[in-house]
Structures are given as C-alpha cells and as structure tokens.
Amino acid sequence: AVPVSILAGTGRAAELGVLFRRGDALQRLEGVRTIVFDKTGTLTEGAPTLVSRHAVSGGDPDETLRAVAAAEAGSEHPIARALEAASDGPRPAVSAVESVTGRGLRARVGGDELLVGSPRLMEESGIDLAPLADALEAVEARAETPVLVARGGRLAALYGVADPVKPSAKEAIDALHGAGLRVALLSGDRPRVAEAVARALGVDEARGGLLPADKTEALADIAREHGPVAFVGDGINDAPALAAAEVGLAIGTGTDIAIEAGDVVLVSGDVTGVATAREVSHRTMANIR
Ligand code: ADP
Ligand code: MG
C-alpha cells in the first residue's frame, strides 16, 4: 500500500504544479520543522531595478554607470541586468572581467582597475567608503541593495537597487505558519536588506551577508536548534544548500543547476507551492498510517 499512496500523492502534487522528483522526499517533508527561504529570486521577483544613484563630489554617476554596464554585460547576476538597463550612451571598452563570488566583479577600463559590488568587496580591497558613507546609510535605510563602484583604487559611485517581493510570498509564509512551521530567510544580500524583507513578510528569523558556503552552515545551525529543515532556492549559489537540506525545493523558473539539486520543483516559481507540497506530504503519510 505504501508505494501506491506515495504515487497518488506525487500525482496529486504534480497536478498542482509541485513536482516531486524523488518519492522519498514526500516522506521526509513530513518531518521538517523549519522552511528556510533564499531571498533574491525566491521570495523576491529577482528582477531588480536601479532606483538611486550617487557619485563622490566632482564625479558623474551616469558616466561611471556606462563603464559598470560594460563590465556587467557578461554576468548572469540579476543585479547586472538592473545596472545594464539603467545605463545609456556609448560604453567604454573593458577587459579582464572576473567575477568575485558572492561579492561582485573586477575588470580593467582605460588603464584603471574597476571594482563593482558589495561593501564587503570594497572593504576587502582596501577601498575607503567614507566619501559615500552618508549615501550608503540612506540607501540601506530604504532597504535598497547597495552596489558600490571603485575606479583606480578610489570610491567613485554608489547605486541603490530594489527588488520587489513576489505577490504570493506573504500568503505562502502565512500558510506555512498556519501549518505550525517556522520560517527563516538566508541571503547573500546585506543583513539590513534581508531583515527588512523578513519583517515585511513576517518571517521568524533572517540572516544576511552570507557567502554560498555560509548558507549550508546556517542550515545546519537551524537544524541543530529546531529540527529538520527544508530549503527553497533558485540560484547557482543555492545548489549546495538545496542538496544539504532534508528536502530541497527548487524554483522552477530558476537556474538549471538549482533545479538539478532539488528534490522537489515548484514548476511556475510560485512559492505557495511549498505549503501545497507540505500539505500533500502530510495527507499522504496520514493515509499510510
Ligand atoms: P543573493 O542572490 O542572495 O543576493 P549573491 O551571493 O548572488 O547572493 O550576491 C551577494 C551580493 O554580492 C549581492 O547582494 C551583491 O551586493 C553582490 N554581487 C554579486 N554579484 C554581483 C554583480 N555581478 N554585480 C554587482 N554586485 C554583485
Ligand atoms: Mg536567489
């Protein structure tokens, strides 16, 4: 009787847009106590737009943005698309573009080194943030993701990027709370941005500023404290956490690498599918007993 019930359960879930790639995930999901979400592209649309620009005194944020857009043209990160879309006019030639995992990128333009990315990237590269400290504070207070730019070893500009939450994110989290689960959020974005999104959605616990390997470690921490965890994610960076969690749920509109690493695929990318998956798992296991 067990395999038949499991088949019926996975079939029912599939009709609702939730694909169990492994039958045992239906069993394991029932024991999960905390659902942990990635932020960018999972709870948010993952299609950010540039909403503010700031340059050091005497600098031109639009000119700097043309060099940034040239450097970001080959990047897959959603922030790269926001920066490219916001720039216009002729772009300078860039070379030696290198991505810096979880931080941004490095390139050469007109004989200078160009750095584009997080405050962490600037700090690690010895760039003084003081000339834009007030603007950085204001950007973070509005829960925008800061993108800093340095050229020739000096800070040049700061852009604020905003990524709206998915319309169904709040409903998904309310449904999981209704089922008695804890909900947490992990992000590579700045802690203040992660906390602002968590507050807006009623998430119980948020951790930001995480590098990809830190996400796996944070999952293990949460599991030690609260019992088995499921992880929901969309990005290349999320693949290790999807594999490490008791159950990994991949956003179907996300990257192929994340989908490969998941036990469950939410086909349309709608996060209410997490509550659906959990509900089907609960009913199926209740039938078996
Ligand atoms: P997340 O998707 O959770 O934000 P990532 O590890 O992809 O995590 O990125 C972490 C941070 O690194 C981003 O919030 C951003 O500040 C910076 N970053 C990463 N890639 C880029 C890029 N191509 N251009 C600018 N900033 C980037
Ligand atoms: Mg993501």
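Let's start inside helix α9 (191-201), where V193, A194, V197, A198 and L201 are buried. Here "buried" means that 20 or more other C-beta atoms lie within 10 Å of a residue's own; 12 or fewer makes it exposed, anything in between makes it partly exposed, and the C-beta atoms are placed from the backbone. Looking down the axis of α9, you'd find these buried residues within an arc of 135°, so they line one face of the helix. That arc is taken from the directions that lead from the helix axis to the C-beta atoms. The cover over them includes α3, β7, α8 (169-178), β9 (182-186) and β10 (205-207). Just past the end of α9 comes G202, with a positive phi of about 75°.

A word on what you're looking at. This is a predicted model, in which local features need pLDDT of at least 70 and side-chain atom pairs count only at pLDDT 80 or more, while totals for chains, interfaces and linings use all residues. Residues are numbered from 1 along each chain as its sequence is written, and chains are lettered from A and ligands numbered from 1 in the order in which they are written. As for the element names, helices (H or I, at least four residues) and strands (E, at least two) are DSSP runs, numbered from the N terminus.

Now step back to the whole chain. The protein is split into domain 1 (2-45 + 165-288) and domain 2 (49-162), with bounds that come from an automatic or database domain assignment. Measuring aside, the computed distance between the two domain centres, taken over C-alpha atoms, is 32 Å. Where the domains touch, domain 1 puts in 11 residues and domain 2 puts in 7 residues; two residues count as in contact if their C-beta atoms, placed from the backbone, lie within 7 Å. On the domain 1 side, α3 and α9 each supply at least two residues, and α9 gives the most, with 3 residues. That side of domain 1 divides into 4 nonpolar, 4 polar and 3 charged residues. In this count, Ala, Val, Leu, Ile, Met, Phe, Trp, Tyr, Cys and Pro are nonpolar, Asp, Glu, Lys and Arg are charged, and the others, Gly among them, are polar.

What about the ligand? Ligand 1 has 21 residues around it, the closest being T40, H77, G102, S118 and G188. To be counted, a residue must have its C-beta atom, placed from the backbone, within 6 Å of the molecule. The elements giving two or more residues to this shell are α3 (39-43), α5 (78-86), β5 (104-109), β6 (112-117) and β7 (145-151). Both domains take part, with at least three residues drawn from each. By class, the shell holds 5 nonpolar, 12 polar and 4 charged residues.

One of those shell elements, α5, is worth a closer look. Its residues I79, A80, A82 and L83 are buried. They cover an arc of only 160° around the axis, which puts them on the same side of α5. Their cover includes β3 (49-55), α4 (61-72), β7 and β8 (154-162).

Next, follow the strands. β4 (94-100) and β5 run antiparallel, joined by 5 bridges; strands count as paired if DSSP finds at least two bridges between them. V100 stands opposite G104 in β5. The hairpin of β4 and β5 has 3 residues between the strands, and G102 there takes a positive phi near 70°. G102 is also one of the closest residues to ligand 1. From β5 the path goes on to β6, again antiparallel, with 6 bridges, and R106 stands opposite L115 in β6. This hairpin has 2 residues between its strands, and G110 in the turn has a positive phi of about 50°. β6 then pairs with β7 in the antiparallel sense over 4 bridges, with G117 opposite L148.

A couple of oddities round off the tour. A96 has a positive phi of about 50° although it is not a glycine. This residue sits in strand β4 and counts as exposed, with 11 C-beta neighbours inside 10 Å. A143 is another non-glycine with a positive phi, of about 65°. A143 lies in the loop between α7 (133-141) and β7, and is partly exposed, with 19 other C-beta atoms within 10 Å.
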